[in-house]
Amino acid sequence: MTQHPDASAPPVSGGRPAAQSAVQRAIDERNRRLARAGVARAEKLLMSRYRLSSEREAFDLLRRSSQKFNIKLHTLADVAIRLRGPAAGARVWVPGRPQGPAPALPVLGRSAARPESHSAVLTSALRQALRVTEAPMGNVQLVENGMLRMEKHVGLNRHFTDYFAFVDDSTTSCAQAAEQSRQVTVKDVAASDTFDEASREAILDTGSRACHSTPLLSPSGAVIGMISSHHERPLQDLAPAQLTAMHDLGSQVGRWLLWHRNTSVLTALNHLHANATGRPAPA
């Protein structure tokens, strides 16, 4: 689990509930810090690039474009940081961006002609993963700012979703699946050496006794995200048909996510550039 919360604050009288409260405060503080970090980096980049007077002005640029194109602000900020900046005097940030319809998602029953929102695709992908793996709980994470960030979840308690809101080390099945670009099954969470003890406790506390993680891959094999199922009892190996179905799910959803970034997100960045420079962006 990434950057374990610091629960070393002085104890408060009242026993275990007070200790739990201190841990939750530490988790909340860590999540606020990590959630803010990417946006703050983007604000500083935009201030320098466009000679803006304040971080607030940079934030407003991000906010307006994210709202107009229904892109999460932290997603837009992450792509802005990682993408090469526009050429001096350029009319657009990203010239010649890819065009064309969304790739089909037959594993979700979607054709290329049917438009889907980013949120709807992730929700449908999680539901399909739980159907294939016959699990009652699960989550979707996307790679952002060098970490896996929680985007969707079903059936998991608040402590789990807060604790694993950001993951960047190898003490979870999802992180190992991301590092190895392959599906990873933990058959028995209680007995596995995959987890550190704090991560294990958070998983067991939500009622998960086994988990399976499948990377969402671009056509080049880059990990774009992760989808994980959580099971109430220890698992045997998934059946070959289940593994194949999850591989297809990861490949198709990964391809769609890459298309979304290269079209919708880059359109939002071109809109931001136009607002910052006073030049109208092309349609």
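Let's start with Arg200, which counts as buried at 9% relative accessibility. That may look odd for an arginine in this predicted model, so look at what sits beside it. The side chains of Arg200 and Glu197 meet in a salt bridge, 3.0 Å from N to O. Glu197 is on the other side of the accessibility scale: at 54% it counts as exposed. Both belong to helix H7 (residues 197-205), and because they are 3 residues apart there, about one helical turn separates them. The general rule behind this is that an α-helix has 3.6 residues a turn, so residues three or four places apart point the same way.

Helix H2 (residues 55-68) has a pair of this kind too. Arg56 and Asp60 lie 4 residues apart in H2, about one turn of the helix, and their side chains form a salt bridge with an N to O distance of 3.3 Å. Here Arg56 is the exposed partner, at 51% relative accessibility, whereas Asp60 is buried with a relative accessible area of 17%. The cut-off for buried is under 20%.

Now for a pair that reaches across the chain. Asp28 and Arg158 form a salt bridge in which the closest N and O atoms are 3.6 Å apart. This one links distant parts of the chain, with Asp28 in helix H1 (residues 16-50) and Arg158 in helix H5 (residues 158-163), 130 residues apart. Arg158 is exposed, with a relative accessible area of 53%. Asp162 joins in as well: Asp28, Arg158 and Asp162 are linked in a network of salt bridges. Over the whole model, the count comes to 12 salt bridges.

Time to zoom out. The protein has 8 helices and 6 strands, and from the N terminus on the elements run α-α-α-α-β-β-α-β-α-β-α-β-β-α. Of the 283 residues, 49% are buried. Among contacts between residues at least 6 apart in sequence, 64% join residues at least 24 apart. The protein exposes about 13600 Å², and carbon and sulfur atoms supply 52% of that area.

From here, follow helix H4 (residues 118-133) inward. Its geometry is easy to check: at 1.5 Å a residue, the 16 residues should span 22 Å, and the end C-alpha atoms are 23 Å apart, which agrees. Plenty of H4 is buried, including His118, Val121, Leu122, Ser124 and Ala125. What do the buried residues of H4 pack against? Their partners are strand S1 (137-144), strand S2 (147-154), strand S6 (223-231) and helix H8 (240-277). Right after H4 comes Glu134, whose phi is positive, near 60°.

Ala129 makes a good close-up of that packing. This residue of H4 is buried, with a relative accessible area of 1%. Leaving aside neighbours within four places in sequence, Ala129 is in contact with Ile227, Met246 and Leu249. Leu249 is 120 residues away along the chain, yet the C-alpha atoms of Ala129 and Leu249 are separated by 7.7 Å.

The contact with Ile227 takes us to strand S6. 9 of the 9 residues of S6 are buried, so the strand is largely enclosed by the rest of the structure. What does S6 pair with? S1 and S6 pair in the antiparallel sense over 6 bridges, and Met137 has His230 in S6 as its bridge partner. Strand S5 (residues 210-217) also runs antiparallel to S6, joined to it by 8 bridges. Thr214 stands opposite Ile227 in S6, and Ile227 also contacts Ala129. S5 and S6 form a hairpin with 5 residues between them, and Gly221 in the turn has a positive phi of about 95°.

One last stop is helix H3 (residues 73-82), which is mostly covered: 8 of its 10 residues are buried. Among them are Leu73, Leu76, Val79 and Ile81, along with the polar His74 and Asp78.

Terms used:
Residues are numbered from 1 along each chain as its sequence is written. This is a predicted model: local features need pLDDT of at least 70, side-chain atom pairs count only at pLDDT 80 or more; totals for chains, interfaces and linings use all residues. Side-chain values use heavy atoms; hydrogens and water are left out. Helices (H or I, at least four residues) and strands (E, at least two) are DSSP runs, numbered from the N terminus. Buried means under 20% relative accessible area, exposed over 50%, partly exposed in between (1.4 Å probe, protein chains only). Contact means heavy atoms within 4.5 Å. The expected span of a helix is 1.5 Å times one less than its number of residues. Accessible areas come from the Shrake-Rupley method with a 1.4 Å probe; for residues, only the protein chains shown count as cover. Two strands pair if DSSP finds at least two bridges between them. A salt bridge is a side-chain nitrogen of Lys or Arg within 4 Å of a carboxyl oxygen of Asp or Glu.
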